[in-house]
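Visitor: Could you walk me through this one? I'd like to start with the sheet and then look at some helices.

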Amino acid sequence: MKKIFVWIFALGILSSLIQKTNFEKNAVKSDEYVGIENNLDEAGVFSWSLKLFDDEFYPSAVSVLKKLGITRIYQNIPMDYLQQEITSAMVQRFASDGMEVVAIIGEKEWGLPNSDKEWVYKYIDLIADYNSGIGKSNPIRKIALDVETYIFDEWNNNPKEYFKEYVFAMYNIYSYAHKAGLEVVQIIPTFYDTVDKTLFKILITACCDEVSLMNYAKTVQVSSIKQEIELCRKLGKRVETIFETQPHSADYSVSEKNSYFCDGLPALEIVRDKIFETYQYENLYASYHTFESIYYMVTGENAD
């Protein structure tokens, strides 16, 4: 009963917040838009490569990142690394070149009903300890949640109910992270607004500080993110459109339909610019998935 009460209470409060949002106050009018050049210089990249912790590899890595205008690294940081100087040294190197490091974490089970979230809370605690200890000079201020609960068959059988449980879980994690002094980036697909519009608005309004969209379907990349961008515009939140750059792989559902690995960066940049020009939102940015593949696209060499 307690959980149901909390959920209903949250729904009421958060729905009110959405209704009170003033679109005119936060919208950027087209005649005030200064161009996409500002957005081009502040892109992000997702990395699961531990090579970025290697100080000898750093000059090669940062050369590629600067060519792409990268200012944010979404880095998977193993839990034990948060207690090692190698992490503070990595964050320091990137900070010296104007790039922030965001810790990316996520297990698809976290959005299931009654799922065990002990690991994520422990991870957040370790980041807080890192920020007050060995990382005090260069703290990690944000975490990115990549929780793809929709992959489960149970979700497909009852999407609205499972979406509700997912949003409730994200709200709890978001609240815990904020108490630890961390901001939260939600990494989400582009179809949540079609599952339940109210829950979608609650997710964007009250479960994150920023949004990163897995906008991978190339034929609809401009149109598929309209609702997400307009809601973020109303709320004044940063939003990213992620581009897939991995090699084609049946195991990971990566193909010519969603990846620019074979098309090349010029083709990707044409679509990216079209998205920026279409929406003209000052807090809309691009991001690339992943560092390993984008590094190869630029250099013709493997990162590992």
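Guide: We will go through the strands, the helices beside them and the nonpolar core, bearing in mind that this is a predicted model.

Visitor: So what do the eight strands close into, and in which order?

Guide: They close into a barrel in the order β1-β2-β3-β4-β5-β6-β7-β8, with parallel pairing, and neighbouring strands are turned by 25° against each other on average, direction ignored. Strands β1 (residues 43-47) and β2 (residues 70-75), for instance, pair over five bridges, and Val45 stands opposite Ile73 in β2.

Visitor: Which strands does α8 touch?

Guide: Helix α8 packs on the sheet against β4 (142-145) and β5 (183-188), and its direction makes about 155° with that of β5, whereas α13 (residues 291-299) lies across β1 and β8 (284-289), running at about 115° to β1.

Visitor: Switching to α6, which of its residues are buried?

Guide: Val120, Tyr123, Ile124, Leu126, Ile127, Tyr130 and Asn131 are buried, and because they cover an arc of only 160° around the axis, they sit on the same side of α6. Glu118 and Ser132, on the other side, are exposed.

Visitor: And what covers those buried ones?

Guide: The cover includes α5 (85-96), β3 (100-105), β4 and α8.

Visitor: Last topic, the largest nonpolar core: which members touch the most others?

Guide: Of its 94 residues, these are Ile77, Ile143, Phe163, Tyr166 and Leu203, while helix α8 (residues 159-179) supplies the largest share, nine residues. Leaving aside neighbours within four places in sequence, Ile77 is in contact with several residues, among them Phe53, Met90, Tyr123 and Ile140.

Conventions:
Residues numbered from 1 in each chain as written. Predicted model: local features only at pLDDT ≥ 70, side-chain atom pairs only at ≥ 80, totals over all residues. Heavy atoms only, no water. Core = buried A, V, L, I, M, F, W, Y, C linked by side-chain atoms within 4.5 Å. Buried < 20%, exposed > 50% of the residue type's maximum accessible area, 1.4 Å probe, protein only. Helix = DSSP H or I, 4+ residues; strand = E, 2+ residues; numbered from the N terminus. Contact = heavy atoms within 4.5 Å. Pairing = 2+ DSSP bridges. Axes fitted to C-alpha atoms, helices over the stretch in contact; angles between N-to-C directions. Arc of directions from axis to C-beta.
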